[in-house]
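Grab your viewer and work through these exercises one at a time. Try each task before you read its solution.

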Amino acid sequence: MGAARQLGQDRRWPAIRWQTPSLFIAIVTLVAVTGAVLSDAPRWPFKAVPSEPQPATVVPFDPELSPDATPLPGPMSSPPTGRWMVQNTAVSAVLVDISCAEASHCIAVGAAGVIVSTSDAGNTWSTGRSGTTHALAGVSCPSPTVCYAVSNFGELLKTADAGLTWSISALRNRTPFAIACATTADCVTADGYETHDGGGSWQQRSRLGAINVACPVSSRCYAVRNQLDHGVIVGRSGDGWTLRTVTPYFLNAVACTSVNTCVAVGGGESGSNILTTGDGQSWTVRQHAAIRQTLFDVGCATGDTCFVVDGTANVLTTTNQGQTWAWQSTGLVGSLYAISCPASDSCFAVGGGPPTTGGGLVAHYQSAMTR
């Protein structure tokens with residue numbers, strides 16, 4: 001897009017005078033997008049995790065705001081004080097998602113059905129028997145012992161012993177992509193399947209076609225997806241899903257620290273994108289950079305402090321509720337694709353090691369006051 005503008009920047013185009021038709025087209029486009037969002041038409045979501053590690057050199061995040069972003073007062077955010085350390089999982093497969101019920105208990109999943117778990121804050125990791133060789137795309141742990149995982153082949157996995165053994169059930173839809181469990185009994189997949197009896201039965205309550213979903217409580221969920229070259233956020237209050245916002249930038253993940261406080265991130269061909277909400281209804285574009293840098297996942301240690309991973313070894317951080325963001329170097333070598341923050345002073349990120357060694361990578365962040 002930038003190249004196209006550069007090639008044509010010396011041309012003198014006549015002024016556009018048809019303001020009313022332009023506005024009409026914009027309204028029609030918005031109506032069409034909204035209709036498609038709320039319809040039951042099939043979707044085409046994607047899980048934005050690359051098959052190959054990203055370059056170690058990160059593209060600097062552009063602090064210039066998009067035209068529709070809210071002006072941000074005050075100084076730029078400073079990275080939180082703390083340290084990232086690599087933890088040894090001894091797995092040869094790339095890890096693509098992680099969920100931590102508390103600071104001591106986490107489960108990570110990845111390629112070839114690999115599952116690793118820790119019950120001592122990552123000091124040691126154990127490999128679980130998933131029962132599948134399909135890549136696992138998402139995991140959610142509503143308690144230290146009960147966790148759910150999904151593959152993109154319609155498999156739903158559950159453990160009741162902190163990840164040592166798993167049971168498997170199957171869905172007709174083969175692309176769950178992600179799962180969010182508010183309680184040990186209540187879970188929602190990104191493609192709209194739900195259980196309210198602890199996985200005993202699953203019903204597709206809606207055709208979400210989402211990429212990622214977050215449920216801070218069982219009655220409130222948020223999902224992100226991409227369609228018609230737009231990013232879409234939908235929310236559920238009770239039984240029904242409603243449109244919350246449409247953004248011209250792709251979205252890949254959403255995380256919430258309360259019923260109404262959430263952060264959504266994304267990017268790709270359209271550029272890098274971060275949105276926040278404080279009421280669950282209106283979403284503000286906090287940062288947008290017109291560069292092809294994908295933001296894969298977001299985790300929030302508190303309502304103020306969040307971390308975003310982008311497939312490199314660095315993280316994007318905020319300490320002021322997402323108003324401003326700054327890069328933080330982890331000092332690691334590899335690619336980080338997902339993150340979970342179970343405590344105000346602790347986060348775990350997972351991904352893949354450098355090409356020379358490969359395998360799964362787990363990095364643990366601890367704030368300065370706990371070291």
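**Exercise 1. Find the residue that stands opposite Val150 in S8, then place the pair in its sheet.**

Step 1. Val150 stands opposite Leu156 in S8. This is a predicted model, where local features need pLDDT of at least 70, side-chain atom pairs count only at pLDDT 80 or more, and totals for chains, interfaces and linings use all residues. Residues are numbered from 1 along each chain as its sequence is written, and side-chain values use heavy atoms, with hydrogens and water left out.

Step 2. Look at the two strands next: S7 (residues 147–151) and S8 (residues 155–159) run antiparallel and share four bridges. Strands here are DSSP runs (E, at least two residues) and helices are too (H or I, at least four), numbered from the N terminus. Two strands count as paired if DSSP finds at least two bridges between them.

Step 3. Now zoom out to the open sheet, which has four strands in the order S6-S7-S8-S9 with antiparallel pairing. At its edges sit S6 (136–140) and S9 (167–170), each pairing on one side only. From one strand to the next, the twist averages 20°; axes are lines fitted to C-alpha atoms (for helices, over the stretch in contact), and angles run from 0 to 180 degrees between N-to-C directions.

**Exercise 2. Work out why strand S28 is largely enclosed by the rest of the structure.**

Step 1. Count the buried residues (under 20% relative accessible area; exposed is over 50%, partly exposed in between; 1.4 Å probe, protein chains only). In S28 (residues 360–367), seven of the eight residues are buried, so the strand is largely enclosed by the rest of the structure.

Step 2. Check its partners. S1 (residues 82–87) is antiparallel to S28 and joined to it by six bridges. Along this pair, Val86 stands opposite Ala363, and Arg83 faces Gln366.

Step 3. S27 (residues 346–352) also pairs with S28 in the antiparallel sense, over seven bridges. Here Gly352 is opposite Gly360.

Step 4. Put the sheet together: it is open, has four strands in the order S1-S28-S27-S26, and pairs antiparallel. S1 and S26 are the edge strands with a single partner each, so one side of each has no neighbour in the sheet. The twist averages 25° from one strand to the next.

**Exercise 3. Is Thr133 buried or exposed, and which residues does it touch?**

Step 1. Locate Thr133 in the loop between S5 (126–127) and S6.

Step 2. Its relative accessible area is 67%, so Thr133 is exposed.

Step 3. Setting aside neighbours within four places in sequence, Thr133 is in contact (heavy atoms within 4.5 Å) with Ala112 and Gly113. Thr133 and Ala111 are 22 residues apart in sequence, with 8.0 Å between their C-alpha atoms.

**Exercise 4. Describe the largest pocket and the largest cavity.**

Step 1. Set the rules. On a 1 Å grid over the protein atoms alone, a cavity is a set of points where a 1.4 Å probe fits but cannot get out, while a pocket is an open set with protein on both sides within 12 Å along at least five of seven lines; lining residues have an atom within 4 Å of a point. Points are joined across faces, edges and corners, and a volume is the space filled by probe spheres set on the points.

Step 2. The largest pocket has a volume of about 970 Å³. Its lining has 42 residues, with Ser99, Ala214, Ala255, Cys256 and Ser340 nearest the centre. S26 gives the largest share of this lining, six residues.

Step 3. Sort the pocket lining by class: 31 nonpolar, eight polar and three charged. Ala, Val, Leu, Ile, Met, Phe, Trp, Tyr, Cys and Pro count as nonpolar, Asp, Glu, Lys and Arg as charged, and the others, Gly among them, as polar.

Step 4. Turn to cavities: there is one of 30 Å³ or more. The largest cavity holds about 40 Å³ of space, and its lining includes Asp186, His196 and Arg236. S10, S11 (187–189) and S14 each supply at least two residues of that lining, which divides into eight nonpolar, two polar and two charged residues.
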